[in-house]
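Hi,

Here is the structure I said I'd pass on to you. Have a look at it first, and then read my notes underneath.

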Amino acid sequence: MINSAGKCGGNSRYVFLKSRSGKTVPAIAISQENALPLHSMVDPMREAQRLVSTIPEDTGFIVFLGLGGGFAAEAALEDTNAQIIVIDFHKDSIAELLSSRDYSALINNDRFRLLTDPSCGEIKKTILENYHPSLCGSIKTIPLRPRIEQDIELFENASAAIQEAIGIVSSDYSVQAHFGIRWFSNIVRNIKNANLITENFSKKLFASPVPKTAIVAAGPSLDHQLHLLAELKHKGVFIISTDTALPVLLQNGIRPDTAVSIDCQHISYYHFIGCNLKAGIPLVLDIASPPLLSSFSSSPVFFSGGHPLAQYVSAAWQPLPLLDTSGGNVTYACLSLAEHLGADHITLFGADFSYVESKTYARGTYIYPFFEKKQNRFSPAQSLFSAFLYRSPFLPKENYGQTYHETASLRQYRKKFEEKAAMMNAQITAVSGQGAPIDFSRKIQDTAKSGTITAVPVSKKSGVEFLEQYREDIAALPAADENYLSRLCLKDRQIFTTLLPCLAALRHRRAGKKTKELIEETKRFCIQKITSVLRQTP
């Protein structure tokens, strides 16, 4: 190899040169006589410090593409509180780098992580597991240009994986920022008021498989499919209704076997007004649903939709069935329920994932009486329907002659639904309608179930006792400091993780506040919310 005097040998990728400041600088060995330094040959540390000084102050997560001499990563650890990930390829070449100078300032820092020859899946998983916007703020990717140019395709794929992960995290964070406080409030109230009284019925509902199942969504095509659904009901097919479709079914004399609701917003109330569920129609609710919803049914069943507090409730107090709600809509959650119930034949009704004939929902859904009551001389019902229809821009049509209209959200819902269906072994079909066609052609066999329905011991603590202990555990969390999550013990980390959606919501509302201050404010807020709920009379 080329030494500091310029000679080379062997199959080494790197040569190592001395900068004017005395630092060892790795360089790409282009030929016997030429080498391309990865850093400044004058003062690589000063170069790194200048680079880090340009990083926005709210950046708490930095991904460096290319290790090089590690100068930029060292400067970032020294001058910021950010989590640092370095991605590089070719383990033999990385071993050359690690033997060239002392990297202990990086390796011994708990904020540093080196990914060696990672797959795109490993990169994506690392970002998803470690990047928490509510704690870290923004994320930035910094390429080491001379290094990237040697393996352009590898680093382009890595960049694509990073961007895909950021897209998922950002989408999840935006939802947390919008609903985090409402989720927390609803869960706490449901724990106290309902006390998860549905243990026995939950066992009954999830005990035996229902091989033939129909899922009923509330798309406009449902208007023309009700007679087919009634025939399946007569044949004993198990019917799962979305909350939106429930009043349509009851008004047409079709009694579903269960209904599902996942929305934490108060608008969910309108789906159940005038619906008689006391006759025994079980209502399957996300534990983050509005507390009043459980009173509509004599057989409410709470499940965990993935909120960290709901998961903690399942682990530390009462076992909740885990349903997959990552698709963002109730039809997707119904598909997860059908999977849990052991369905091997699933028929979809009203799953349009689009607007058909300028209609948003089937006739009989909440929106019709809602707008009829809201209308006045200056804003008739038709104008309200029109404003609702056009509240989001339509996407360009995918094919000639397409009669339905899609928005970005509706198309995303459909794509997520197709991905979920592809991972299930059940035979899934959709009754012909006028909405966006669902592609069931792709199948991924032998996949693991998303969640569990296995009965586990139930805690003898009441809901009040659980909340009192939970409040004490929040109060006992250590004071906020830098790199807070990684410094917590396992129990404290579990408790603090349940607060992250609230932290996201408060960060959104308190722009500019330091993370330390937001952590302490989140703890105070959650303690006060629990105290307020506990003081309320049933």
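A quick definition to begin with: a nonpolar core is a set of buried Ala, Val, Leu, Ile, Met, Phe, Trp, Tyr and Cys residues joined through side-chain atoms within 4.5 Å. Also keep in mind that what you're looking at is a predicted model.

With that in hand, on to the cores. The largest nonpolar core has 71 residues. Inside this core, the residues with the most contacts are Val63, Ile87, Phe184, Tyr470 and Phe496. Helix H8 supplies the largest share of the core, 14 residues. If you want one residue to click on, try Phe496: leaving aside residues up to four places away in sequence, Phe496 touches Leu135, Leu477, Tyr484, Leu485, Leu488, Leu503 and Ile519. There is also a second, separate core of 30 residues, and Ile215, Val284, Leu335 and Ala351 are among its members.

Now for the charged side chains. How many salt bridges does the structure hold? The count is 21, and here are three to look up.

Start with Asp151 and Arg13, whose side chains meet in a salt bridge at 3.4 Å, N to O. They sit 138 residues apart, so to speak at two distant parts of the chain: Asp151 is in the loop between helix H7 (145–148) and helix H8 (152–193), while Arg13 is in the segment before strand S1 (14–18). Is Asp151 buried or exposed? Its relative accessibility is 13%, and because buried means under 20%, Asp151 counts as buried.

Next, Glu164 pairs with Lys124, and their closest N and O atoms are 2.9 Å apart. This bridge also links distant parts of the chain, as Glu164 belongs to helix H8 and Lys124 to helix H5 (residues 120–130), 40 residues apart. Both ends are partly exposed: Glu164 has 45% relative accessibility and Lys124 has 23%.

The third is Glu398 with Arg414, where the closest N and O atoms are 3.6 Å apart. Glu398 lies in the loop between helix H16 (381–389) and strand S15 (404–405) and Arg414 lies in helix H17 (residues 408–422), so this bridge ties together parts that are 16 residues apart in sequence. The two ends make a nice contrast: Glu398 is partly exposed at 43%, whereas Arg414 is buried at 3%. This pair also belongs to a network, in which salt bridges with shared partners join Glu398, Glu406, Arg411, Arg414 and Glu418.

Have fun exploring!

Notes
Residues numbered from 1 in each chain as written. Predicted model: local features only at pLDDT ≥ 70, side-chain atom pairs only at ≥ 80, totals over all residues. Heavy atoms only, no water. Salt bridge = Lys/Arg side-chain N within 4 Å of Asp/Glu carboxyl O. Helix = DSSP H or I, 4+ residues; strand = E, 2+ residues; numbered from the N terminus. Buried < 20%, exposed > 50% of the residue type's maximum accessible area, 1.4 Å probe, protein only. Contact = heavy atoms within 4.5 Å.
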